[in-house]
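Hi,

Here is the structure I promised to pass on. Have a look at it first, and then read on for what turned up when I went through it.

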Amino acid sequence: MMCAQGSAASEAEAVKPPRVRTEVDRVRRWKEQGRLLIAPKGINDDNAAMYLAVVMCQRGARDVQLVTNDFLRDHMRRAENSRPLRLWLDRHVSRYALRFIMPQDLERYIQEESEADTASGA
């Protein structure tokens with residue numbers, strides 16, 4: 001009888017779905033590992049991120065990329081008068097955008113993006 005109970009318990013454990021890691025878990029792990037920099041309240045986070053990336057470049061880190069969903073408009077305006085800043089932004093900033101597309105709109109979205117890429121020469 002005990003063997004049967006032990007067998008049923010192990011079967012139930014085998015069926016249990018694996019734990020899904022969330023962004024919160026990932027951030028907590030980065031913080032514990034000292035891999036997360038949080039800009040203090042009142043400090044412009046764009047400036048803090050750019051400063052960190054520039055220092056990494058100066059210290060010889062290779063292929064530094066500042067990945068942001070920010071357009072950095074105020075920095076781009078300053079870059080008009082600063083060739084070094086403009087070159088650094090062009091080489092080291094990668095932008096992304098997140099869009100929520102309803103499943104029924106996916107095919108239309110892909111077609112529109114394809115047409116936009118063709119029009120822009122991408």
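The lining of the largest pocket breaks down by class into 13 nonpolar, 3 polar and 2 charged residues. Bear in mind that this is a predicted model, and that the values below are computed from it. The volume of that pocket comes out at about 500 Å³. It has 18 lining residues, and those closest to the centre are Asp45, Ala49, Leu66, Val67 and Thr68. If you want to know which elements to look at, α3 (45-58) and β1 (66-68) each give the lining at least two residues. The largest share is that of α3, with 7 residues.

Since α3 comes up so much, here is what else I have on that helix. Its 14 residues should span 20 Å at 1.5 Å a residue, and the C-alpha atoms at its ends are indeed 20 Å apart, so the expected and modelled spans agree. At the N-terminal end there is a cap from Asn44: one of its side-chain oxygens sits 2.8 Å from the backbone nitrogen of Asp46. After the helix comes Gly60, which has a positive phi near 95°.

Which residues of α3 are buried? They are Asp46, Met50, Ala53 and Val55. These buried residues pack against β1, α4 (73-79) and α5 (83-92).

Next, please look at His75, which belongs to helix α4. Is His75 buried or exposed? Its relative accessible area is 2%, and the cut-off for buried is under 20%, so His75 counts as buried. The side chain of His75 makes a polar contact of 3.4 Å with the side chain of Asn47. Leaving aside residues up to four places away in sequence, His75 touches Asp46, Asn47, Met50, Leu85 and Leu89. Take Met50 from that list: it lies 25 residues from His75 along the chain, and the two C-alpha atoms are separated by 10.0 Å.

There is also a backbone oddity to check in your viewer. Most residues other than glycine have a negative phi. Asp63 is not a glycine, yet its phi is positive, at about 55°. Where does Asp63 sit? You will find Asp63 in the loop between α3 and β1. Its relative accessibility is 72%, and exposed means over 50%, so Asp63 counts as exposed.

Finally, the whole chain. How many helices and strands does the protein chain have? There are 6 helices and 2 strands, and from the N terminus on the order of elements is α-α-α-β-α-α-β-α. The chain has 122 residues, of which 12% count as buried. As for contacts between residues at least 6 apart in sequence, 53% of them join residues at least 24 apart.

That's the lot from me. Shout if anything looks odd when you open the file.

Cheers

Key. Residues are numbered from 1 along each chain as its sequence is written. This is a predicted model: local features need pLDDT of at least 70, side-chain atom pairs count only at pLDDT 80 or more; totals for chains, interfaces and linings use all residues. Side-chain values use heavy atoms; hydrogens and water are left out. On a 1 Å grid over the protein atoms alone, a cavity is a set of points where a 1.4 Å probe fits but cannot get out, and a pocket is an open set with protein on both sides within 12 Å along at least five of seven lines; lining residues have an atom within 4 Å of a point. Grid points are joined across faces, edges and corners, and a volume is the space filled by probe spheres set on the points. Helices (H or I, at least four residues) and strands (E, at least two) are DSSP runs, numbered from the N terminus. Ala, Val, Leu, Ile, Met, Phe, Trp, Tyr, Cys and Pro count as nonpolar, Asp, Glu, Lys and Arg as charged, and the others, Gly among them, as polar. Buried means under 20% relative accessible area, exposed over 50%, partly exposed in between (1.4 Å probe, protein chains only). The expected span of a helix is 1.5 Å times one less than its number of residues. Contact means heavy atoms within 4.5 Å. A polar contact is a pair of N or O atoms within 3.5 Å; within protein, one must be able to donate a hydrogen and the other to accept it, and residues adjacent in sequence count only if both atoms are side-chain atoms.
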